[in-house]
Amino acid sequence: MSAGAASGSVTDNAIFEDSGEYAEALRKFNKLIAKLEESCVASAIEVKATSQEVDRLNDCISRMEDFANASVKRMDGLAKREKELHGNLKQLHEDVARLKVAKTSVSGPGLGDCIIIRGLAEIQEESPQRIISVRRVGKPNPDRPRLVMVKFQSEEAKLEVKRLSWKLGGSNISIDHALTSEQLQQRSAQWPLIKAAKEAGQRWSWSDSDPVRVVVRARRA
């Protein structure tokens, strides 16, 4: 046996001379391995839990996106409906404006060719003669007859009859212009003038040609 070989054997044997020290080192090593395994298992569990949480969050985000898209579609539908309603409202305002113009008009198919007769007793059958139409205005009243609206073929035909209304003096029947709401307000503004004429002992009447103008005359001696 050579000297080198003998020396190596001696060294190797010297490393493991204390079997107790070797056993302690092995125990510590195994303990470290066990800790590493536990740490890996815990990390794997944590990674799995984190992955599950990520999946849950992704699912929640997906559902939120679906809800947001549906909300956008509903908002688009509401905006379209709102636009349609605005268009309908605008058309309604235009229709109301046209109706107001037609109501306040005193020419053509309005009230310019109509008169109102007060105090004319009602009968079972009432038919127009030499006029376009005759109709009662308002609800039946047992205390007094309803007004009668007479529509003539033209305003000139109406004025021709209106000028003869003085012949009804002394009766309970009177003839007047058919007035719009605006004309009634204009007449109301003339009452101070009428009151002054009465206090001065003067006669007054509404003009045959202008339904809102007051005509004042001196009383006959």
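In this predicted model, strands β1 and β3 run antiparallel and are joined by four bridges. One of the positions along this pairing is I116, whose bridge partner in β3 is M149. Another is C114, which stands opposite K151 in β3. On the partnership of β3 with β2, the pairing is again described as antiparallel, here over five bridges. Within it, V134 has V150 of β3 as its bridge partner.

These pairings belong to an open sheet of four strands, ordered β2-β3-β1-β4, with antiparallel pairing. Strands β2 (133-137) and β4 form the edges, each pairing on one side only. From one strand to the next, the twist averages 25°. Strands of a sheet pair through backbone hydrogen bonds, in either a parallel or an antiparallel sense. Helix α3 (residues 155-162) lies across β1 and β4, and its direction makes an angle of about 145° with β4.

**Nonpolar core**

Seven residues make up the largest nonpolar core: I115, I117, I131, V148, V150, F152 and I175. Strands β1 (114-118) and β3 (147-151) each supply at least two residues of this core. V150 thus appears in two settings, as a member of the core and as the bridge partner of V134. In a regular strand, side chains alternate between the two faces of the sheet.

**Salt bridges**

Side chains of opposite charge can pair when their charged atoms come close. A search of the whole structure finds three salt bridges, listed here with the separation of their closest N and O atoms.

| Salt bridge | Closest N and O atoms |
|---|---|
| D59 and R63 | 3.0 Å |
| E84 and R81 | 3.3 Å |
| R187 and D176 | 2.7 Å |

The bridge between R187 and D176 involves two elements. R187 lies in helix α4 (residues 181-188) and D176 in strand β4 (residues 174-177), so the pair ties together parts that are 11 residues apart in sequence. R187 has a relative accessibility of 7% and counts as buried. D176 is also at 7% relative accessibility and counts as buried, because the cut-off for that class is under 20%. Strand β4, which holds D176, is one of the edge strands of the sheet.

The pairs D59 with R63 and E84 with R81 are placed within a helix. D59 and R63 both lie in helix α2 (residues 19-104), where four residues, about one turn of the helix, separate them. D59 is partly exposed, at 41% relative accessibility. E84 and R81 are also both in helix α2, three residues apart, again about one turn of the helix. E84 has a relative accessible area of 38% and is partly exposed. R81 is partly exposed as well, with a relative accessible area of 45%.

**Aromatic residues**

A pair of aromatic rings is described by the distance of the centres and the angle of the planes. The count for this structure comes to two aromatic pairs. In the pair of W191 and W204, the ring centres are 5.9 Å apart and the planes stand at 75°, so the arrangement is edge-to-face. W191 lies in helix α5 (residues 191-199) and W204 in strand β5 (residues 202-206), so this pair ties together parts that are 13 residues apart in sequence.

W204 also pairs with W206, in an edge-to-face arrangement with 5.6 Å from centre to centre and 85° between the planes. W191, W204 and W206 together form one aromatic cluster.

How buried or exposed are the members of this cluster? W191 counts as partly exposed, at 43% relative accessibility. W204 is partly exposed too, with a relative accessible area of 27%. W206, with a relative accessible area of 14%, is buried.

Notes:
Residues numbered from 1 in each chain as written. Predicted model: local features only at pLDDT ≥ 70, side-chain atom pairs only at ≥ 80, totals over all residues. Heavy atoms only, no water. Core = buried A, V, L, I, M, F, W, Y, C linked by side-chain atoms within 4.5 Å. Buried < 20%, exposed > 50% of the residue type's maximum accessible area, 1.4 Å probe, protein only. Phe/Tyr/Trp six-rings, centres within 6.5 Å; stacked < 30°, edge-to-face > 60°. Salt bridge = Lys/Arg side-chain N within 4 Å of Asp/Glu carboxyl O. Pairing = 2+ DSSP bridges. Axes fitted to C-alpha atoms, helices over the stretch in contact; angles between N-to-C directions. Contact = heavy atoms within 4.5 Å.
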